[in-house]
Amino acid sequence: MFKENNLTLGLFFPLESYQGSIPEMNVEQQIKRVKKAEELDFASVFVRDVPLHDPHFGDVGQIYDPWVFLGFLIAHTKKIALGTGSIILPLRHPLHVAKAAASADRLSGERLVLGVATGDRPIEFPAFSVDPDQRSRLFQESVMVMKTAWKENFPHIHASNVHMEKGNLLPKPHGSDLPVLVTGHSSQSPEWIAQNSDGWMYYPRNIRLQSELIKHWRSLTKEFKPFAQSLYVDLTEDPDQAPTPIHLGFRIGRNLLVEFLKRLKMAGVNHVIFNLKYGQRPVDEVMEELGDEVVPRFPSIRDH
């Protein structure tokens, strides 16, 4: 997925377009499409963590629990990276997340990219008896707990909801660590994110503003740490269709999309994850066109 001065492409689940908040999520169809995405050389597919349907907030993502669904994807794919966009750390016990992530990474052959976030759906915090005012601190603690549990044998860990004096987390990920990408700001400063994460996953913004954000991010990191972003795309039949705004993206022809992606690459973006929710064409047709005409311009790293 990631290489300095390089851009690759991925897809968000569900791999379908739909009206409203809840997708169809025909699993047989989703598996067929993820296999096609792998065949078309997309670098990644991402699942989302939406614990509860909030009718006032919108999209519920792929519906299924992200860890259960990832296990299903692991069994049906071979090489494509599997990302989470993103696990809501304050609503989950960090030792459970650490064990699930390490398990998914080992079972997939080291293909997991762990996107994490604080969460932003108001109904979820009281439902899980979590104080939303504490989510920044809980998020920081969770990252610390996971990194320590992966790295150390029989560690002593003390946090708000972890008092670990005995016991050892198994399995350990290969290399005793996993790539953790912070989503948005997650109530943290860019300095904290640069120091404690392995990369930054952000939202679509004006290219000039995105470029300034990335430039600042690079100034805070001593070594290369990737910058990824999402992008909603409604790909038109006319390849030269000029872009018109949709929610967090564009209705756009493929030629203009390629030019836009080139500009993102120049700005320092290393990975773009397409969301096809608002597409007006058949998703299989759109995936084929993206795979045949766009992905080859931004090939996955294994082909370099």
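Biologist: How many residues of strand β12 are buried?

Modeller: This is a predicted model, where local features need pLDDT of at least 70, side-chain atom pairs count only at pLDDT 80 or more, and totals for chains, interfaces and linings use all residues. Residues are numbered from 1 along each chain as its sequence is written, and side-chain values use heavy atoms, with hydrogens and water left out. Strand β12 (a DSSP run of E, at least two residues, numbered from the N terminus) spans residues 271-275. Buried means under 20% relative accessible area with a 1.4 Å probe, protein chains only, and the count for β12 is five of five.

Biologist: Which residue of β12 is the bridge partner of T8?

Modeller: Strands pair if DSSP finds at least two bridges between them. Strand β1 (residues 8-12) and β12 pair in the parallel sense over four bridges. The partner of T8 is H271.

Biologist: Which residue stands opposite H271 on the β9 side?

Modeller: Strand β9 covers residues 227-235 and runs parallel to β12, joined by five bridges. Opposite H271 stands A228.

Biologist: What is the make-up by class of the lining of the largest pocket?

Modeller: β12 gives two or more residues to this lining, as do β3, β8 and β9. Ala, Val, Leu, Ile, Met, Phe, Trp, Tyr, Cys and Pro count as nonpolar, Asp, Glu, Lys and Arg as charged, and the others, Gly among them, as polar. The lining has 12 nonpolar, 13 polar and eight charged residues.

Notes: Buried < 20%, exposed > 50% of the residue type's maximum accessible area, 1.4 Å probe, protein only.
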